[in-house]
Amino acid sequence: MTEKMLTFVHLEQKYPHKREASERRTDFNEIYAPFDDNSAADQSSRCSQCGVPFCQAHCPLYNNIPDWLRLTTEGRLEEAYAISAATNNMPEVTGRICPQDRLCEGNCVIEQSTHGAVTIGSVEKYITDTAFANGWVKPPKPAKENGMSVGIIGGGPGGMAAAEQLRLKGYEVHIYDRYDRMGGLLVYGIPGFKLEKDVVERRVKLLEEGGVVMHTEFEVGRDATLDDLRKKHDSVLIATGVYKARELKLPGAGLGNVYPALEYLTTSNRHGLGDTVPAYEDGTLNAKDKNVVVIGGGDTAMDCVRTAIRQGAKSVKCLYRRDRANMPGSQREVANAEEEGVEFVWLTNPEAFVGDDKVTGVRAVKMRLGAPDAGGRQSPEIIEGSSYTMDADMVILALGFEPEDLPTLFDAPELGVSRWGTVKIDFRTMMTNLDGVFAAGDIARGASLVVWAIRDGRDAADRIDEYLLARKEAAA
Ligand code: FAD
């Protein structure tokens with residue numbers, strides 16, 4: 001059927017319809033409409049069916065992209081979903097929020113030949129949403145229970161992917177999460193305009209229907225120690241993510257209305273989910289009518305500025321010390337933010353927060369890019385005498401995340417961590433220095449991406465299975 005493919009020579013790249021910025025600014029719904037059947041089939045047919053598919057090679061999950069694109073062109077969507085789901089536990093999530101421009105689409109051969117990449121992420125989302133609509137997505141029910149149990153600490157994408165894979169292998173699986181909902185940053189970090197919450201909820205529901213036991217509002221360290229869980233389960237997986245906000249030690253950092261990004265985003269997400277959130281309702285953690293300054297240039301900063309716009313801020317500025325070309329966040333998200341009314345103040349660094357009790361301004365200094373550092377990246381240098389102050393009623397710090405001190409929190413001083421605080425694992429076995437205790441996702445690799453958390457969760461499930469089967473065999 002390849003005659004249907006390779007249409008990139010005459011068919012242009014087309015992404016699904018993006019809602020107008022004026023409309024987007026007023027709600028937290030996703031900004032892209034879904035593909036219709038014909039567009040999905042047409043756009044998939046642009047794939048050049050490479051013998052060595054670079055899209056697949058650059059996907060952390062090694063998704064079999066050319067095959068599901070071909071099946072989509074042929075209208076064989078149930079098979080397309082089966083192939084997609086064989087390597088990915090939540091393609092509807094990665095289709096929406098993976099940085100495809102840096103992974104599959106960025107490495108697409110027809111992108112390299114200037115025809116514009118196949119719109120892989122949008123097709124992935126279309127296939128999976130169609131699968132859900134048609135009831136093809138099933139709960140993970142094992143053929144046979146194997147009588148062993150695994151406890152997973154953390155119900156983010158890493159923990160959820162591991163839970164599904166382990167359940168399919170016949171394990172009794174328990175997920176413990178300190179929040180009141182499963183999903184981790186998919187629910188409380190990432191805003192609805194990138195990923196609507198019911199998309200995550202339906203995955204959580206499927207896991208529950210498959211028999212995964214969910215323990216919400218269960219904080220390991222408070223409600224149980226790591227040792228308690230090791231005694232209760234045959235194996236334990238740590239998938240707790242990284243939550244300690246990096247600080248900015250500047251004069252005035254302790255002033256009122258200076259907040260860490262995740263506190264701000266979690267409040268907004270909770271409000272969107274219908275929870276009563278006093279800090280939002282009394283205006284404290286709400287950007288309405290405020291001059292907001294967000295500091296940072298990554299994806300978290302982009303989520304903060306775009307949230308502030310939707311809350312009705314008077315002005316929203318994003319301060320970043322390098323230039324646009326050198327920012328870590330996705331260029332696509334910067335463009336979306338600009339369309340929505342965010343002002344980017346490139347090559348600018350904060351020097352101090354100004355105000356008596358609450359912040360009223362940010363004193364900033366202009367920067368230029370100097371000589372490249374050891375990694376080849378140009379280091380920002382201060383332009384002397386260029387300081388100025390901008391108005392700010394609310395400052396949000398989005399400077400990245402570090403791991404919490406798990407050995408202390410878990411009352412497990414013997415748990416090995418790296419000098420960055422991530423849980424140390426042997427990457428071949430995914431096991432920590434504690435027998436039968438594994439780790440996956442951000443807590444093992446540092447702040448990363450959803451697709452890597454899923455990959456880790458799947459790998460950890462395989463390694464846990466190998467470990468427990470070997471142990472059972474040795475005991476027999
Ligand atoms: P998490 O998703 O952080 O889940 C960890 C879970 O562990 C949480 O539910 C937490 O409550 C629970 N937990 C922690 N400690 C305990 C404890 N002691 N006891 C019980 N439970 C505990 N990635 C992308 O690919 N695309 C994006 O667009 C994107 N946007 C992002 C935007 C923001 C604002 C942030 C912060 C991150 C973003 N990321 C994005 C990164 C992505 O969300 C993470 O890489 C991913 O969620 C990591 O998954 P995880 O399962 O390791 O951890």
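In this predicted model, 34 residues surround the ligand. Ile97, Gly158, Asp177, Lys194 and Tyr243 come nearest. By class, the shell around the ligand divides into 17 nonpolar, 11 polar and six charged residues. Three helices each supply at least two residues of this shell: α9 (157–168), α15 (299–310) and α19 (450–475).

Polar atoms of the protein approach oxygen atoms of the ligand at several points. Lys194 does so through its side chain: a polar atom there lies 2.9 Å from a ligand oxygen. Ser448 uses its backbone instead, with an N or O atom 3.1 Å from an oxygen atom of the ligand. Leu449 also contributes a backbone N or O atom, at 3.4 Å from a ligand oxygen. The ligand taken alone exposes 1,000 Å². Of that area, the protein buries 97%.

Tyr243, one of the residues that come nearest to the ligand, also takes part in aromatic contacts. The structure holds six aromatic pairs. One of them joins Tyr179 and Tyr188. Their ring centres are 4.8 Å apart, and the planes meet at 75°, an edge-to-face arrangement. Tyr179 has a relative accessibility of 19% and counts as buried because the cut-off is under 20%. Tyr188 is buried too, with a relative accessible area of 1%.

Tyr179 forms a further edge-to-face pair, with Tyr243. Here the centres are 6.5 Å apart and the planes stand at 85°. Tyr179 lies in the loop between β2 (172–176) and α10 (185–188). Tyr243 lies in the loop between β4 (235–238) and β5 (244–245). The pair therefore ties together parts that are 64 residues apart in sequence. Both Tyr179 and Tyr243 are buried. Together, Tyr179, Tyr188 and Tyr243 form one aromatic cluster.

Charged groups also sit over aromatic rings. The charged end of Arg178 is placed over the ring of Tyr243, at 5.2 Å from the ring centre. Tyr243 thus has three roles in this description. The residue is among those that come nearest to the ligand, belongs to the aromatic cluster with Tyr179 and Tyr188, and lies under the charged end of Arg178. A second arrangement of this kind involves Arg310 and Phe193. The charged end of Arg310 sits over the Phe193 ring, 4.0 Å from its centre.

Terms used
Residues numbered from 1 in each chain as written. Predicted model: local features only at pLDDT ≥ 70, side-chain atom pairs only at ≥ 80, totals over all residues. Heavy atoms only, no water. Phe/Tyr/Trp six-rings, centres within 6.5 Å; stacked < 30°, edge-to-face > 60°. Buried < 20%, exposed > 50% of the residue type's maximum accessible area, 1.4 Å probe, protein only. Helix = DSSP H or I, 4+ residues; strand = E, 2+ residues; numbered from the N terminus. Lys NZ or Arg CZ within 6 Å of the ring centre and 35° of its normal. Near = heavy atom within 4 Å. Polar contact = N/O pair within 3.5 Å; in protein donor to acceptor, adjacent residues only side chain to side chain. Areas by Shrake-Rupley, 256 points an atom, 1.4 Å probe, with all protein chains shown as cover. Nonpolar A, V, L, I, M, F, W, Y, C, P; charged D, E, K, R; others polar.
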